[in-house]
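Please open the model in your viewer and keep the selection panel at hand. The tour below goes from one selection to the next and says what is found at each stop.

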Amino acid sequence: MHHGTPLPLDALPTTTPHEQDHDPAAGRTGRARHTLVDTEPGVPGAVLAAAAGVRKAMLVPVVTALAIGTVFVAVYLAAFHAPSARHQPLGIAAPDKVAARTELALNNAAPSGYTFYRYPDAEAARQAVTHDEVPAVLVADSRGTRLVVAGAQGPSTVSSLAMAVAEGVGKTVPVQDVRPLAAGDSRGLSVFYASFGVVLAGFLFAVSSYQIAPRLRLAARVISMLVFSAASGVTVALIGRTAFSALPASFAVVTLLVGLLAWASAAVAGVLLRLFGPIGMPVASVVLLILGNATSGGILPATFLPAWLSPLASVMPPAAAVRGLRGASYFHNAHLTDAVLTLLAWTVGCLTVQYAVDRFATRRTGRAATRAGRAALQP
């Protein structure tokens, strides 16, 4: 007689094949719930029982991913495939005749492309550029004609302004960089990459938090957000400022702004998940990862965005963080206060909405329980 290894009790079938063949209800349940094969050990039975059917499991990811990818491609190509200036600030410190001729030529070449600011002399022009009032000033005085620029605005911005001014003046104009980029940030993109990574981390934090504990108390969730935000700020400051010298702002300022951006991103994604449930994840990815990062100004300034996108550059959390980090790094803390207030407003506003939603849900559940209790007591 052959003796095999005994099977554990939980591996034994609960019904025979004959019983399954003659039990229509069991067959329907099996087809509806258990046609997907579990390939991951340790998944609770309740989770497996609640799994979607094959059709939904196949189609929903396709539709969701395709929709997000389409929005991403459409927004980024619409914004950056052929960017052109709209009301781009440009200073002029030159005699009236030269200034008027330059303004006329630039307006003819690009109507509504530039907004001009007059400055009395080269020193006033330099102060304006180094305090981020304008990215460049055309200066014409006894020392000649030159374009005073802040290289920290990024190579794309500086080169586009230099080309436009050369066309307006009718000749190539020497460029004087009075606020160059840091050695560790040769392309001026470090602020954008840092903010993009933090926004992505905040989004993933919110998603994982709600997947693990959808009904976690708000106080506990806020504490978790604070820990995540503080750790994000310190980590990015250590990497971006200390390790690579790519973020020249002080360690404390980088930590503060990055931490606030992480908190705001987690709060925005969290409230969208709380309001919309599973569909909140693609909504949050569109709001934060696509619209937020596209309008951050990290690639090109907001003045190069199309009219339907540029208003977001003044209010979205990534844009506020980019302005604050760039201003603190290169322009005497310009925009720092505005950035902090904007990020705090997003965080407090989203947490307030979530608190109100939680309170409403608690009261609704309490009223339903009270009605059920009264109905049970009635004869």
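**First stop: the largest pocket**

Begin by selecting Gln-153, Pro-301, Ala-302, Thr-303 and Arg-326, which lie nearest the centre of the largest pocket, a site lined by 33 residues in this predicted model. The volume of this pocket is about 680 Å³. Colour the lining by class, and 12 nonpolar, 15 polar and six charged residues should appear. Next, show β1 (88–93), α7 (155–169) and α12 as ribbons, since each of these elements supplies at least two residues of the lining of the largest pocket. Of the elements in view, linger on α12, which gives the most to this lining, with five residues.

**Second stop: the second largest pocket**

Move now to Leu-273, Gly-277, Pro-278, Ile-279 and Met-281, the residues that lie nearest the centre of the second largest pocket, whose lining has 15 residues. This pocket holds about 400 Å³ of space, and its lining is made up of nine nonpolar, three polar and three charged residues. To see where the lining comes from, select α4 (54–80), α8, α10 and α11, each of which supplies at least two residues.

**Third stop: the nonpolar cores**

In soluble globular proteins, nonpolar side chains tend to be buried together. Select Val-254, Leu-257 and Leu-343, which have the most contacts inside the largest nonpolar core, a set of 47 residues. Then add α8 (190–212), α9 (218–243), α10 (251–276), α11 (280–294), α12 (317–330) and α13 (336–377), each of which supplies at least two residues of this core. The largest share, 16 residues, comes from α10.

Which residues does Leu-257 touch, not counting those up to four places away in sequence? Display the side chains around Leu-257 and you will find Gly-324, Leu-325, Leu-336, Ala-339, Val-340 and Leu-343. Apart from the largest core lies another core, of 29 residues, and to find it you can select Leu-106, Leu-138, Leu-147 and Val-158, which are among its members.

**Last stop: the whole chain**

Finally, zoom out and colour by secondary structure, which shows the 13 helices and five strands of the protein chain. Buried residues make up 40% of its 379 residues. With a surface drawn over the protein chain, the exposed area comes to about 20,800 Å², of which carbon and sulfur atoms supply 66%. If you draw the contacts between residues at least 6 apart in sequence, 69% of them join residues at least 24 apart.

Conventions. Residues numbered from 1 in each chain as written. Predicted model: local features only at pLDDT ≥ 70, side-chain atom pairs only at ≥ 80, totals over all residues. Heavy atoms only, no water. Core = buried A, V, L, I, M, F, W, Y, C linked by side-chain atoms within 4.5 Å. Buried < 20%, exposed > 50% of the residue type's maximum accessible area, 1.4 Å probe, protein only. Helix = DSSP H or I, 4+ residues; strand = E, 2+ residues; numbered from the N terminus. Contact = heavy atoms within 4.5 Å. 1 Å grid on protein atoms, 1.4 Å probe; cavity = no way out; pocket = protein on both sides within 12 Å on 5 of 7 lines; lining within 4 Å. Points joined across faces, edges and corners; volume = space filled by probe spheres on them. Nonpolar A, V, L, I, M, F, W, Y, C, P; charged D, E, K, R; others polar. Areas by Shrake-Rupley, 256 points an atom, 1.4 Å probe, with all protein chains shown as cover.
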